[in-house]
Amino acid sequence: MNILTGNQPFDNLHVVPTKTGDSIRAGTGLLSMMAARAMDSSGAKEGVGTKGIVSACETYLPMIKLLRKVLHINGLEKKIRIIPKRSDEVKVGFDISSHADILVSEILDSELLGEGLIPTLQHAHDELLVQNPRTVPHRATIYGQLVESEFLCKLHDLHNCEAKALDGKRLAPVGLETIIGVKPQQYAMHCNALSEDIRLLSEPFKIFEFDFWKRPDSHGITDLHINATGDGTVQAVISWWVLQLDYEGTIFYSTAPRWISFPFNTEELQTHSPNWCDHWKQCVWFVPGTGVSIVKDKQVHIQAVHDDISVSYNLKYDNHRIDPGHYNAHSRDCQLILSPERIAIYGDIDWRFSMLTALRNALQEKVCSLCVVADDSVFLTILIASLSTSEVISVFPGIQEKGARYLQAVADANGFSMDCVKVLGKKRCLTMDDTNQKKVDMLVGEPFYYGNEGMLPWQNLRFWKERTILDAVLSKDVWIMPCKGILKACAMSLPDLWKSRCSLKKVEGFEHSVVNASLGACGDISASQEGPCLPYFIWQCGEIKELSEVFTVMEFDFSKPISPCFGKTKVEFINTGLCHGFVLWIDWVLDAESSIVLSTGPDHRYWKQGVKLLSKPVAVGIQGSCGGTDECRSTEVEASFDPSNGELTINHSFL
């Protein structure tokens, strides 16, 4: 028997893939070791020695070294052969002696197909497997459900959301509704956190089925007629997948949301819906525009299409097809594709009003002849160009020339001339030559940098660095927005997140602790080790509980050039529980009076927060409670900011 290992399925072949490249990759060797053990167990039951071999494909040298360590610690280095190649480079008769009988794999992402499942299986069936191999998993099925959700609508429909704003500015004006929007794709999301924000408008329905034991097609189309279970507006398709792991159909694994709490298919009586995890989520497909209105008991026609790596949908109701929108050549050339959260921010009425109020107040107090937008904010550029006669220079470090083309397309709709707006584009640093020897009167930012979405909150302190670089061209009384940033924090109970980042010990009986340092484990590590700060949408992190008041750690003063910062704060706990770490974010103060503050904390879903997980959970209590004597009543947090690398160091002690 011949087994190839990695995160892709092969009989006698175990392969572990990564997100980079369509191939089988062995990773740390867990599936390879499980395959080797199963092969030995099978031979022992039959009373014969096994002659099979497990071949593990892995190309990344640091991972190969780690894999060798894991195999050595578990005494399996002689039973598993490492092939330093991609699976699609492996040759039968050269790298492996014969075609593999069994495929064991896990090349799955939240969408199922995004890590290259189809092309990897195609190559395996064409080149590496016997006819009719046994595979684990045996089959995967994608399911979906129609939902109504105003929150999900805000994540993509900027045109209709900003129509409710009172500022009169339009980032997606009439006739150019899709000139700024999200990429038409499925978005991985913890939909359990949305259970109170959605209405279910259909029963779950099967979309696609993929048999791992046979060669999959690169393209597929499914036409479905779904009965509406209520009146409403279909604004999204939520999908998930179910694995049938064994040939007999007795073991299943599901990524279904929590409201699918019982098997909806009688053939799947043992489907397992796991607890919260961060590696597999549900997926959301946004229905274009405001969605499609439906009536209970009438049918919605859905056409689902898959290619090698993704699934997409077309909806049709009452002979009306929901179209994502049409572009002429010009609008396509100047279209801006942003993250769903950024679209929601631009459509948020309160956020826009805060920006408008701060800028209006500033323009009333001082004469401004030259304003520089230091970040990638098209909204601030349009707002300033519309509100004043100032010359505006937008740096646009991320969107560059495309930002200039976008502004040109929407200028008339927003009542300003591009004659007063200049975009630096690829030019890296603003000089007095760019300003015609004028000093800058206003320097503004949200701050927002294209490509920084999803990163740690303090990475937007890049605005402070940019302000410092521009110091020579700023006037002495320059008005800067935001004028400062405040690092906020809260001690929290985060059991689900902590478990997902917990260090590994024995996994399915195999020693795996050697991988912790390389993979960046945060929880259940020695006190001498420090886990990194990680970015998360806290509202999507499963079970959460605030244990302290929100407190200020330190402030960043943008009126002065960037400099090292330090802060130290002691805070009492207000709730009892297990503290798993600290959640940190930045509040941006827009004006000198601190009357307009934009928070990016956990209560605001459109921003990720930074999370500093503890090496061990700490039991905490409140003053006057009758809790155990080992409960801590307060904590002291200190932080330092290093401007040379933008790193924020967090230290803490419990009292």
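**Two loop residues and two nonpolar cores**

G175 sits in the loop that links helix 5 (158-162) to strand 9 (180-181). The model examined here is a predicted one. In this model G175 has a relative accessible area of 59%, and because the threshold for exposed is over 50%, G175 is classed as exposed. A distant stretch of sequence also comes into view at this point: A413 is 238 residues from G175 along the sequence, yet the two C-alpha atoms are 9.8 Å apart in space.

A second loop offers a useful counterpart. S503 is located between helix 12 (495-500) and strand 29 (506-507), again in a loop. The relative accessibility of S503 is 10%; since buried means under 20%, S503 counts as buried. Its side chain reaches the backbone oxygen of D524 at 2.7 Å. Beyond the neighbours within four places in sequence, S503 is in contact with D524 and also with N516, A521, G523 and I525.

Attention now turns to the nonpolar interior. In soluble globular proteins, nonpolar side chains tend to be buried together. Here the largest nonpolar core holds 73 residues, and the members touching the most others are L152, I180, Y346, Y406 and V444. Helix 9 (residues 378-387) supplies the largest share of this core, with seven residues. For L152, contacts outside the neighbours within four places in sequence are made with V147, M189, L194, A236, V284 and F286. Another core lies apart from this one; it comprises 48 residues, including V440, F463, L547 and C579.

How values were computed:
Residues numbered from 1 in each chain as written. Predicted model: local features only at pLDDT ≥ 70, side-chain atom pairs only at ≥ 80, totals over all residues. Heavy atoms only, no water. Core = buried A, V, L, I, M, F, W, Y, C linked by side-chain atoms within 4.5 Å. Buried < 20%, exposed > 50% of the residue type's maximum accessible area, 1.4 Å probe, protein only. Helix = DSSP H or I, 4+ residues; strand = E, 2+ residues; numbered from the N terminus. Contact = heavy atoms within 4.5 Å. Polar contact = N/O pair within 3.5 Å; in protein donor to acceptor, adjacent residues only side chain to side chain.
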